[in-house]
Amino acid sequence: MLLSEQDQFLSYNGEVLVFQLSKPKHAEEADDKTMNLCVRRMAFNRDTKMFVEKSSGVFSMHAQSKIEMICCSCTTDSRTGIILPCILMKKKRRNNIKYFVLFLHSSNQFEQSFYFKLDYELKEDIRLFAGPSVLWRHANKLFYISSNTCVVQSAPVQLSSVVWTGEIAGEGTVVLGIRTACLPETEDADGFSASDRAIWGSEFFGYAIQTQKMLTGTCFMPHAYSRVVSSVYICKTDRLKKQLRISLVALTHKNQLIWFQSGVPKGVCELPYEKPCLVKTAVTSSNDLLFVVSFASGNSCVVQRRDSLQVASKWQKVKCVLVDDFIGSGSEQLLLLFKDDSNTDMLSTFKITDLGEVNYESGISYKHDVPAAEGLQENGLLTVRALETRLQAGWTSVRELQQHLGLQKRVILESCRALIDLVEERTHILPNAKEVKCRRRARSEGLVSLWDDVENPPHSLSKEASLASKVPEHFTEELWQRVVGDSLVVGVKLTESFYLSLSDVSLSLVMDQDFSSISSIIKCQSKIIKLNKAFSALAVSSSQIEPPPKKMKLDLHSKSDLRKEFPKRSSTIQLDGAKTVTAVTSLSPLLAFHRVCCVVLLHARKQNHQNDSLQQSKKITVLCGKILLSLEDISNGRYSVKMLRDNNYCTGSVEDILAVLAVSVRFSFQIVSSDCTLTPVSSWLLGEMECTPFKECQDNVFCHKAGNVHGTIFNWTLKNPFEGVLTIFCRNLTVLFLSLHSLTRVLPPSCSVKLLRSGSKAVLTEQLALSLEKEMLTLQNSLFLKETKAENSLTWGNESGKKINNAPLASLLDTEEGVQQFRKKLQNEREESVRSMNQTMNGALYQKTALKIAEAQLSSDMMVWRLS
């Protein structure tokens, strides 16, 4: 079929639709009143590299006048939401002009959507959009009609041109146009916008057809460009804080393509030809965004946006440029149809390209060029082999890099262990000195020891081993675990004989599995819980607020805890009678592994009370056992705390009580009433708070009340009918405030409630006395050490070492020789006195002395602060 100038081309789902108007070929059908609209679906054949016809369709029209195709486009059918080819047709008969819109279905059947009549012809800015709907400009007014209303409507705007029509999310169909600037008295936009409009005399505006709302033109482009822009293509729209942000490209009468983002020009490109009229985009297989520009002269060019806008390619005598996936590769290509006077056959001269790997052109015989194809195939095979080799080399490099990173990690871990041993005054054993296998592995990895390899451990190591051997084998009575809310509580009950010889006790959890991406040390908080057999009192050591600093003090031991990556420990308290040590950590990170095995380690200082010297204490780490944590066990409630009511008592086990205490914060309040007794407190606990006492001790009660206060433990102790101490073990401050608020409603108005810092005054007074005694002994030992060092370092007597005769003073002064001897003795005594007053001490000895004094003073200051 021959093409004419009025034929229309449209790309749809990778096919090329060719619309033609023609009269019937057969003589019997040759009637002046009949006209056929023919469509042919052309698809690209990758074997022959040519376009072939897949199917065709015909729509017959009775026409007593001239029929024309105005335009065609792919629009959305509002009835189904499917995008279909749409054609706008015109029938002209005298002064009556009829326009109708046709849909083309996949079966090549045409459907007339709607029609409308006008007394003038459509010539300016005709657009087809979703519905289908038709929009045009006439006499500087905007008109539109849709299939839903079938009534021509006009927009309340005056405009000189339409530069874009399309969909914007949240606004529907929007028309971007240019109109004469109108400057109201109250300007909503900024002053720069008003000044641009006044200077250039024109402005951009956006009009939403469905909502009939005006959009600010400066969100598209500054008004200064309204005099030069001829066409626009909007690439992307979004909203940020209800502010519309638009990215677009615009063609100007100055033969430029300008890229705008949020109303600000970001790039400009000079075009190779004059009078650009249309711009569209294409996304290629390499994710490059191409801007395809068509010119009124029939030329086209492609502009790429990479670092800057630049012309990538250009062509002349182009009939039409279509964008679609014509070869079925999953990305878009350009189809250029060229003008060819010698060959008027359909799609005879074309070019398919994406400015990259895809490049097909008519006039080249791909079918019979077998040697070239074989050469291309051979080159492709060699290229694939080369790429496979490069890929294999890349994988080898990646494996070497992984091995190198693993080696670096092991070196860093070993260095950390060596640093810890150095701080703890232990001799570090290198890995390659433990066994031959480790040495061979280290040498194969290129590791070289910085020290001489020692096969046998030194004397200090044997001494450390002898110290470790003194640790009893059965030092733990029980290892348990509980789940309280989002916390995992691990407890270790120690034997009394072993625990009394320890200080600074804490627990740590280490994952038994090897996870390369995370640290195996679990962050946890240790607490020491004192719960005597008779349950007459509960005491929990917890981290408290430090008192205001009076002076800078040396605290190297507390800083050394950071080297193990453990969290800060609890404050030091009197440990007599305490037997259970707990560690609390967050449960949810452990559940991510579904099943975790953790090693429980106990860290402490083993005390040696000889001569009351703190230097004799040694840090030890003891393996307490392992715990297994699985998501299935927790789902079944295996480790849950069970606090149930049984005959007005709470049936919680000792471990359950300890777990609740471990995750709770302890607060003690002194309640004093001068007018009446404090019997309402007990009624409040058993009544409103729904508490039940433990069987072993009725003074300690568990709150069963629903809500935030559930699970709180109270301890109410009466000193006399008018004074008592209420201890609350709660999860957080919210629970504390709720409990106190409920309590104040039942207490008499004359009651006073005072927060106690820690424990009773009698216990704190005893602890203060012990701390002051310890501080005094520390100072005494330090001074004794100083005198001993001075005696050993100084030389008493004269330089000759001769012994001075202790003759009577009168006999020495009788003779001249005696006077000289007396003067010499007096001079020596003066020098010895000066030397004794200016004693020096080495740095290590001074550091140990200052550390012991600071620890003793810190302990006594803490006790004084708690009593205040």
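Is D77 buried or exposed at 2% relative accessibility? I looked this up before anything else, and D77 counts as buried, since its 2% lies under the 20% cut-off. I note here that the model is predicted, and I read every value below as computed from that model.

**Entry: the chain as a whole**

I took the overall counts next and found 15 helices and 43 strands in the chain. Of its 868 residues, 41% count as buried. For the contacts with a separation of 6 or more, I noted that 54% come from residues 24 or more positions apart. The chain exposes about 50,000 Å², and carbon and sulfur atoms supply 52% of that area.

**Entry: salt bridges around R79**

I found 20 salt bridges in the structure, and I went back to D77 to follow one of them. The side chain of D77 meets that of R79 in a salt bridge, with 2.8 Å from N to O. While D77 is buried at 2% relative accessibility, R79 is exposed, with a relative accessible area of 55%. I then saw that R79 also meets the side chain of E111 in a salt bridge, again listed at 2.8 Å from N to O. This pair links distant parts of the chain, with R79 in the loop between β5 (66-76) and β6 (83-93) and E111 in strand β8 (residues 110-118), 32 residues apart. E111 is partly exposed, because its relative accessible area of 22% falls between the cut-offs of 20% and 50%.

**Entry: E361 with K351, and a network**

I turned to E361 and K351, whose side chains meet in a salt bridge at 3.6 Å, N to O. Here, too, the pair links distant parts of the chain: E361 belongs to strand β28 (residues 359-361) and K351 to strand β27 (residues 350-353), 10 residues apart. I recorded E361 as partly exposed at 35% relative accessibility, whereas K351 is buried, with a relative accessible area of 12%. Separately, I noted a network of salt bridges that links K66, E68, K90, K92 and E121.

**Entry: two serines on either side of β38**

Which loop holds S664? I placed S664 in the loop between α9 (654-662) and β38 (665-672), and I found that S664 counts as buried at 3% relative accessibility. The side chain of S664 reaches the backbone oxygen of V660 at 2.5 Å.

I then looked at S673, which is found in the loop between β38 and α10 (679-686). S673 counts as buried, with 2% relative accessibility. The side chain of S673 reaches the backbone oxygen of C676 at 2.7 Å. Leaving aside residues up to four places away in sequence, I listed L678, F722, S750 and C751 as the residues that S673 touches.

**Entry: cysteines**

How many disulfides does a search of the whole structure find? I noted zero disulfides from that search. For reference, a disulfide is a covalent bond between the sulfur atoms of two cysteines. I checked the accessibility of C38 and found that it counts as buried at 11% relative accessibility. C219 is buried, with a relative accessible area of 11%.

**Entry: a nonpolar surface patch**

I asked which residues make the nonpolar surface patch of about 310 Å², and I wrote down L391, W395 and V398. L391 lies in helix α2, which covers residues 370-423. L391 is exposed, because its relative accessible area of 53% is over the 50% cut-off.

**Entry: A139 and E124**

My last look was at A139, whose place is in the loop between β10 (133-138) and β11 (141-146). A139 is exposed, with a relative accessible area of 55%. I recorded A139 and E124 as 15 residues apart in sequence, with their C-alpha atoms 9.4 Å apart in space.

Key. Residues numbered from 1 in each chain as written. Predicted model: local features only at pLDDT ≥ 70, side-chain atom pairs only at ≥ 80, totals over all residues. Heavy atoms only, no water. Helix = DSSP H or I, 4+ residues; strand = E, 2+ residues; numbered from the N terminus. Buried < 20%, exposed > 50% of the residue type's maximum accessible area, 1.4 Å probe, protein only. Polar contact = N/O pair within 3.5 Å; in protein donor to acceptor, adjacent residues only side chain to side chain. Contact = heavy atoms within 4.5 Å. Patch = residues over 30% accessible without salt bridge, like charges linked within 9 Å, V, L, I, M, F, W, Y side chains within 5 Å. Areas by Shrake-Rupley, 256 points an atom, 1.4 Å probe, with all protein chains shown as cover. Salt bridge = Lys/Arg side-chain N within 4 Å of Asp/Glu carboxyl O. Disulfide = S-S within 2.5 Å.
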